[in-house]
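The following note collects points on the model under review, in numbered form. It proceeds from the overall fold to individual residues.

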Amino acid sequence: DNEKIHGHYKKIILPFESLVRIVTIGKSDRLVLVTVNLHGTMISGELVSIENFHTNMKSAMLENVNQKDDPEGYEPIRDAMHILENVKIMDENNNFNFDYFCIKDAKIHRPGVERITIPFWIGKLESIDGFFIGTL
C-alpha cells in the first residue's frame with residue numbers, strides 16, 4: 001500500500017533522517033540522545049555520525065591489531081582499516097551516500113530479555129518503526 005509507505009516515511013523516516021543530517025553535518029558538541037523502535041526492540045543511546053563510528057572503530061581495531069604477536073598475519077586487517085578512512089559518506093553537495101544511522105553506547109531493550117549495552121549499533125533508516133528524543 002503506497003499511501004501507507006508514504007505516510008510512514010513522512011511521519012517517521014524523514015524526521016529521523018533530519019536528526020541524522022544535523023548530527024552528521026552540524027558537527028555539534030551537543031549530545032543527541034535517541035531511542036528507536038525496530039520491530040519491538042528499543043535501542044537507546046547517543047546518535048552519532050557514521051564518520052564518528054568509522055573513526056572509533058578504526059582506532060579500536062588498529063589498537064587491538066597492533067597488540068598482536070604476529071604483525072604480518074594482521075596486515076590485511078590493518079590495510080582494511082586504513083581503507084575505511086577513505087570511505088566517502090557524503091558527496092561534494094553534502095548529500096548522503098548512505099541510508100544508515102549509528103547509535104553510540106547503545107542499550108538494547110527487548111521484551112522479556114535482559115538489556116545489553118554495546119559500543120556502537122548501526123541500523124538502516126528505513127527499518128525504524130518509530131523514535132523519540134531521549135533514552136530509556
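1. The chain contains 3 helices and 5 strands. Along the sequence these elements follow the pattern α-β-β-α-α-β-β-β. The model is a predicted one, and the points below should be read accordingly.

2. On burial and surface: of the 136 residues in the chain, 34% are buried. The chain exposes about 9,000 Å², and 52% of this area is supplied by carbon and sulfur atoms. Among the contacts with a separation of 6 or more, 64% are between residues 24 or more positions apart.

3. Helix α1 spans residues 2–26 and has a kink of about 40° centred on tyrosine 9. The buried residues of this helix are Ile12, Ile13, Phe16, Glu17, Leu19, Val20, Val23 and Thr24. Glutamate and threonine thus appear in that list beside aliphatic and aromatic residues. The strands against which the buried residues of α1 pack are β1 (33–38), β2, β3 (100–110) and β5 (130–133).

4. A search of the whole structure returns 3 aromatic pairs. In one of them, the ring centres of phenylalanine 16 and phenylalanine 101 are 4.9 Å apart and the planes stand at 80°; because an angle over 60 degrees counts as edge-to-face, the pair is assigned to that class. This pair joins distant parts of the chain, with phenylalanine 16 in helix α1 and phenylalanine 101 in strand β3, 85 residues apart. Phenylalanine 16 has a relative accessible area of 0% and is therefore buried. Phenylalanine 101, at 1% relative accessibility, likewise counts as buried.

5. Phenylalanine 101 also pairs with tryptophan 121: the ring centres are 5.6 Å apart and the planes are at 55°, so the arrangement is classed as tilted. This pair, too, links distant parts of the chain, since phenylalanine 101 belongs to strand β3 and tryptophan 121 to strand β4 (residues 113–124), with their positions 20 residues apart in the numbering. Both phenylalanine 101 and tryptophan 121 are buried. Ring pairs connect Phe16, Phe101, Trp121 and Phe131 into a cluster.

6. Which partners does the side chain of serine 44 have? Serine 44 lies in strand β2 (residues 41–48), and its relative accessibility of 0% is why it counts as buried. Its side chain makes a polar contact with the side chain of threonine 35 at 2.6 Å. The side chain of serine 44 also reaches the backbone nitrogen of leucine 136, at 3.2 Å. Beyond its neighbours within four places in sequence, serine 44 is in contact with Val34, Thr35, Ile103, Asp105, Ala106, Lys107, His109, Thr135 and Leu136.

7. Threonine 41 lies in strand β2 as well. Its relative accessibility is 16%, and because the limit for a buried residue is under 20%, threonine 41 counts as buried. Threonine 41 and arginine 110 are 69 residues apart in sequence, yet their C-alpha atoms are 4.9 Å apart in space. Not counting residues up to four places away in sequence, threonine 41 touches Val36, Ile108, His109 and Arg110. His109 is thus listed among the contacts of serine 44 and of threonine 41.

Notes:
Residues are numbered from 1 along each chain as its sequence is written. This is a predicted model: local features need pLDDT of at least 70, side-chain atom pairs count only at pLDDT 80 or more; totals for chains, interfaces and linings use all residues. Side-chain values use heavy atoms; hydrogens and water are left out. Helices (H or I, at least four residues) and strands (E, at least two) are DSSP runs, numbered from the N terminus. Buried means under 20% relative accessible area, exposed over 50%, partly exposed in between (1.4 Å probe, protein chains only). A polar contact is a pair of N or O atoms within 3.5 Å; within protein, one must be able to donate a hydrogen and the other to accept it, and residues adjacent in sequence count only if both atoms are side-chain atoms. Contact means heavy atoms within 4.5 Å. The bend at a residue is the angle between axes fitted to the seven residues ending there and the seven starting there. Rings of Phe, Tyr and Trp (its six-membered ring) pair if their centres lie within 6.5 Å; planes under 30 degrees apart count as stacked, over 60 as edge-to-face and the rest as tilted. Accessible areas come from the Shrake-Rupley method with a 1.4 Å probe; for residues, only the protein chains shown count as cover.
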